[in-house]
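Here's a quick tour of one structure, covering how its strands pair up and where its cysteines link. Have the viewer open and follow along.

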Amino acid sequence: MKRLAWMVLCLPFAARADKLFDGYEAYYSTLPGQLFRGGSHGLAPFGSEGSEAVVYGWTGRDVGRPHAVELHDGWIKIDGKALRMRSVKAFPGEVTNAEDLGRGAEAYFADGWACIEGTPPSASGTAVRHKSVYLIQLSKQRQAWKLPTLFASCLGVRMKAGLPAFDKVQYRYQDGNDEPAGVTFTEYAIKGGMYVEAGSVRSAAFVEAGNVYKFTLGS
């Protein structure tokens, strides 16, 4: 009986421990419907004939077929089809920039979809918490969206009711403190090419002072 009582008392603590995350990608990987389950492909620099600009690219196979990615002078080219940055639909409050993606960028593939993420090389300090994530539908007419950048990741994109969904992450503050106490995950989806709120809101609390990558998730 004493052993059973001890186990019952420990259950709440075990449940809380299961919700401790050491990073946002660790959290995103637990969400149902995750779209990009395969590994990422790092884009390597190479020269382009007749141009001094550096091109970043990758070629290989993923999700059962060959793929190729090139980033060059504000263009994203996937499988030979080019997409200009200015045609990308940015989330409200975000802007697209030719320097969003380049050195250190990674590409993911799923059936009918691609995702490219990277941190602008000029980012420093807290700006490195913002990652440019471009979600691309591999239809005949390419469509692309730039997602909210704070703690963003291609691994955070999932399918929900047949629509691609993701979180907008925002800091939470308490008692007038300048340092955030945690973040809020507000779920959005892409419907008819537009961004719409999907209804789910979850809160996380940081567990170490000054560490915005270690948090517990509220129920």
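## Strands 13 and 14

Let's start with one pairing: strand 13 runs antiparallel to strand 14 (residues 163–172), and the two share 3 bridges. One contact to look up is M159, whose bridge partner in strand 14 is P164. Keep in mind that this is a predicted model.

## The sheet around them

Zoom out and you'll find an open sheet of 6 strands, ordered 1-17-16-15-14-13, with antiparallel pairing. Strand 1 (20–21) and strand 13 are the edge strands, each of them paired on one side only. As a reminder, strands of a sheet pair through backbone hydrogen bonds, and the sense can be parallel or antiparallel.

## The disulfide

How many disulfides does a search of the whole structure find? It turns up 1. The partners are C115 and C154, with an S to S distance of 2.1 Å. The angle about the S-S bond is -85°, and the link of C115 and C154 is left-handed.

What does the pair tie together? C115 belongs to strand 10 (residues 113–118), while C154 is in the loop between strand 12 (143–146) and strand 13 (158–160), so the link connects parts that are 39 residues apart in sequence.

## Buried or exposed?

Why does C115 count as buried? Its relative accessibility is 0%, and buried means under 20%. C154 also counts as buried, because its relative accessibility is 0%.

Conventions
Residues numbered from 1 in each chain as written. Predicted model: local features only at pLDDT ≥ 70, side-chain atom pairs only at ≥ 80, totals over all residues. Heavy atoms only, no water. Disulfide = S-S within 2.5 Å. Helix = DSSP H or I, 4+ residues; strand = E, 2+ residues; numbered from the N terminus. Buried < 20%, exposed > 50% of the residue type's maximum accessible area, 1.4 Å probe, protein only. Pairing = 2+ DSSP bridges.
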